[in-house]
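Got the model open in your viewer? Here's a tour, stop by stop, with something to select at each one.

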Amino acid sequence: MSEGAPLSDLDFKKELAETLPHLRAFGRSLSGNPDTADDLVQDTLLKAWAARDRFVAGSSMRAWTFVILRNTYFSQMRQNKFKGNYDELVAERILSTPAPQQDPLHLADLQRALMELSDDQREAIILVGAGGHSYQDAADIAGTTLGTMKSRVSRARATLHGILDDGRFTEASEGSNNSTDSALEKILEAVDAATL
Amino acid sequence: MPNQEETKDDDQDQKSASPDQNATKAFAGDDGMTFETQQAQDRLGLGLKNMYQNVLDEPLPDNMMALLDQLGELDGETGSDSNSDE
């Protein structure tokens, strides 16, 4: 198959269908809300279809649609469409039952902790830690460098451990710090990116 | 719709209660971490993977499949290459 040749509509749709569950999983962990996520997925489907001529056959449909989904999400976040909108219904779902002396991890706690992270860090830990993407793939999806991605994941892990293991919810992230990177965070990321 | 979600959730509770061992391994480091740190990492790593996997395991909602089916029909008359601008 020659580079750059577009997929037939049928093949495109087939690849899109295979990606759907991943789009839902990515959207749900990112937004914390099933309904929001499914709206996002539908928007993503429509946008992907409209732009299908630009999809390169043989490249990753998942990565390509993830970019569309995260761009849609972050742009809607900026318009305050669904801020802090995580789902309380799933509060008691247990995600992992670790060693005897540890409490089981509930989905609601993890989702709440994820929503405490900055958008960039949340996206990073979801792509790498939950979705199993390589750092490089994750960096490509998020439109950043490998070093920055590594830094985001490591900071996200540290913050999540602080919240989940010690019950340490940061007061600073209670509201304002949640939707965009602070200037300090950007600087720290840049330092990490240069040293990692 | 919300009712469907709830019944599905019940199934997943059981699945989630027995985290798979591969996920544990993937997060097990060997760089001299304390046992406690290791366990905390397993707990987070497993939780993240299970959170994601739970959604993958859900059946797709009907309206999403319907939308996918309709994609071709929306612009069926004009043809797929009429919106090429590159």
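**Stop 1: a strand residue**

Start by selecting L105(A): this residue is buried, because 26 other C-beta atoms lie within 10 Å. (Buried means 20 or more other C-beta atoms within 10 Å of a residue's own, exposed means 12 or fewer, and partly exposed is in between, with C-beta atoms placed from the backbone.) L105(A) sits in strand 2 of chain A, residues 105–106. Helices here are DSSP runs of H or I with at least four residues, strands are runs of E with at least two, and both are numbered from the N terminus. Now add D120(A): 15 residues separate it from L105(A) along the chain, and their C-alpha atoms are 23 Å apart.

Before moving on, note that this is a predicted model, where local features need pLDDT of at least 70 and side-chain atom pairs count only at pLDDT 80 or more, while totals for chains, interfaces and linings use all residues. Residues are numbered from 1 along each chain as its sequence is written, and chains are lettered from A and ligands numbered from 1 in the order in which they are written.

**Stop 2: the two chains**

Color by chain and zoom out. Chain A has 8 helices and 2 strands, arranged along the sequence as α-α-α-β-β-α-α-α-α-α. Of its 196 residues, 39% are buried. Take the contacts in chain A with a separation of 6 or more: 68% of them join residues 24 or more positions apart. (Contact means that the C-beta atoms of two residues, placed from the backbone, lie within 7 Å.)

Chain B has 4 helices and 0 strands, so to speak an α-α-α-α run from the N terminus on. Buried residues account for 21% of its 86 residues.

**Stop 3: helix 1 against helix 2**

Select helices 1 and 2 of chain A. Their axes are 8 Å apart and the packing angle is about 135°. Axes are lines fitted to C-alpha atoms, for helices over the stretch in contact, and angles run from 0 to 180 degrees between N-to-C directions. The pair is therefore oblique; under 35 degrees counts as roughly parallel, over 145 as roughly antiparallel, 65 to 115 as roughly perpendicular, and the rest as oblique. The crossing is right-handed, meaning that the near helix is turned clockwise from the far one by less than a right angle, whereas anticlockwise would be left-handed.

For sticks, show the contact residues, including L16(A), L20(A) and L23(A) of helix 1 and L40(A), V41(A) and L45(A) of helix 2. By class, this contact has 9 nonpolar, 4 polar and 3 charged residues. (Ala, Val, Leu, Ile, Met, Phe, Trp, Tyr, Cys and Pro count as nonpolar, Asp, Glu, Lys and Arg as charged, and the others, Gly among them, as polar.)

**Stop 4: helix 2 against helix 3**

Keep helix 2 (residues 34–50) of chain A and add helix 3 (residues 61–78) of chain A: the axes come within 9 Å and cross at roughly 125°. That makes helix 2 oblique to helix 3, and this crossing is right-handed. On the helix 2 side, pick L40(A), D43(A), T44(A), K47(A) and A48(A); on the helix 3 side, T65(A), I68(A), L69(A), T72(A) and Y73(A).

While you're on helix 2 of chain A, click Q42(A). Is Q42(A) buried or partly exposed? Q42(A) counts as partly exposed, with 17 C-beta neighbours inside 10 Å. Leaving aside neighbours within four places in sequence, Q42(A) contacts M64(B) and L67(B).

**Stop 5: helix 5 against helix 7**

Next, pick helices 5 and 7 of chain A, which pack at about 95° with axes 8 Å apart. They are therefore roughly perpendicular to each other. Among the residues that meet here are A124(A), I125(A) and V128(A) from helix 5 and M149(A), V153(A) and L160(A) from helix 7.

**Last stop: the core**

Finally, select F26(A), L110(A), A124(A), I125(A), A138(A), L160(A) and L164(A), the residues with the most contacts inside the largest nonpolar core, which has 46 residues. (Such a core is a set of buried Ala, Val, Leu, Ile, Met, Phe, Trp, Tyr and Cys residues joined through C-beta atoms within 7 Å.) Helix 3 (35–57) of chain B is one of the helices supplying at least two residues, while the largest share, 7 residues, comes from helix 1 of chain A. Center on A138(A) to end: beyond four places in sequence, its contacts are A124(A), L127(A), V128(A), H133(A) and M149(A).
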